Amino acid sequence: MNSEKSVPDSLTDLSWSEQLTLWSMRYWSDGFRQNYSPYETLREAYSRTRCPGALMALDNFLSLVVAGHSRVIDIRCLCCEGISEDEWCLLQSLALAQSDCGGQIKEMLSGFLEPATARVAQSVIIGWAKELREGGLILPLRSRVLETIPLTHVVEGRGITLRVYTNPQTATLH
């Protein structure tokens, strides 16, 4: 499949690195929702891929998301074949960080994180991307996917913060 001609909408259309990263986000989130510890399984997965530090980075980032989200984030269940807009946003934020193009990351994360959390999360996601890259898990930058992600940005001025939403009705709980 030529990733530049279309936006993948199936897990089988993703690279192995994307599949593992998306699965780990979904598995961590499922553990959070269902109140079980996902760490042993995730530790095994990242040890086998020779990037054990990625687990701590994943946990740090998703813990920030839980603590500082501004809306419900669509991280789907493990059995879902499709890929949500929020999942694409996270995958492409990691890909941008791995390509040293991190300027757009905070703006992408501002779509579902509070402004202060987005600022902190930017450095955390860069650390996560570094751990993945050092383990050989390179996520492809997909320009067609980036074009489909509606960017939300935070405009800060003298003592006030305006949040500009592209389309807040697209938030879903899965």
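User: Happy to be looking at this one with you! Is cysteine 80 buried or exposed?
Analyst: Good place to start, and do keep in mind that this is a predicted model. The relative accessible area of cysteine 80 is 14%. Buried means under 20%, so cysteine 80 counts as buried.

User: And its neighbour in the sequence, cysteine 79: buried or exposed?
Analyst: For cysteine 79, the relative accessible area comes to 67%. The cut-off for this class is over 50%, so cysteine 79 is exposed.

User: How many disulfides does the model have?
Analyst: A disulfide needs two cysteine sulfur atoms within 2.5 Å. For cysteine 79, the closest cysteine sulfur belongs to cysteine 77 and lies 3.5 Å away, which is too far for a bond. Cysteine 80 is in no disulfide either, with the sulfur of cysteine 77 as its nearest at 3.2 Å. By this rule, the count is 0 disulfides.

User: Let's turn to the aromatic rings. What kind of pair do tyrosine 27 and tyrosine 36 form?
Analyst: The structure holds 4 aromatic pairs. In the one made by tyrosine 27 and tyrosine 36, the ring centres are 5.9 Å apart and the planes meet at 70 degrees. Planes over 60 degrees apart fall in one class, so this pair is edge-to-face.

User: What about the pair of tryptophan 28 and phenylalanine 32?
Analyst: Here the ring centres are 5.9 Å apart, with 5 degrees between the planes. An angle under 30 degrees decides the class, so the pair of tryptophan 28 and phenylalanine 32 is stacked.

User: Which helix holds both tryptophan 28 and phenylalanine 32?
Analyst: These two residues are 4 residues apart, about one turn of the helix. At 7% relative accessibility, tryptophan 28 is buried. The helix that holds both residues spans residues 16-34 and is helix H1.

User: Which residues do ring pairs link into a cluster?
Analyst: Two of them have come up already: tyrosine 27, buried at 15% relative accessible area, and tyrosine 36, partly exposed at 30%. Ring pairs join them with a tryptophan, and the cluster consists of Trp23, Tyr27 and Tyr36.

User: Which residues does serine 24 touch, leaving out those up to four places away in sequence?
Analyst: Serine 24 sits in helix H1 and is buried, with a relative accessible area of 0%. Beyond its sequence neighbours, serine 24 touches Leu42, Tyr46 and Leu58.

User: Which backbone oxygen does the side chain of serine 24 reach?
Analyst: A polar contact needs N or O atoms within 3.5 Å. The side chain of serine 24 comes to 2.8 Å from its partner, the backbone oxygen of threonine 21.

Terms used:
Residues are numbered from 1 along each chain as its sequence is written. This is a predicted model: local features need pLDDT of at least 70, side-chain atom pairs count only at pLDDT 80 or more; totals for chains, interfaces and linings use all residues. Side-chain values use heavy atoms; hydrogens and water are left out. Buried means under 20% relative accessible area, exposed over 50%, partly exposed in between (1.4 Å probe, protein chains only). Rings of Phe, Tyr and Trp (its six-membered ring) pair if their centres lie within 6.5 Å; planes under 30 degrees apart count as stacked, over 60 as edge-to-face and the rest as tilted. Contact means heavy atoms within 4.5 Å. A polar contact is a pair of N or O atoms within 3.5 Å; within protein, one must be able to donate a hydrogen and the other to accept it, and residues adjacent in sequence count only if both atoms are side-chain atoms.
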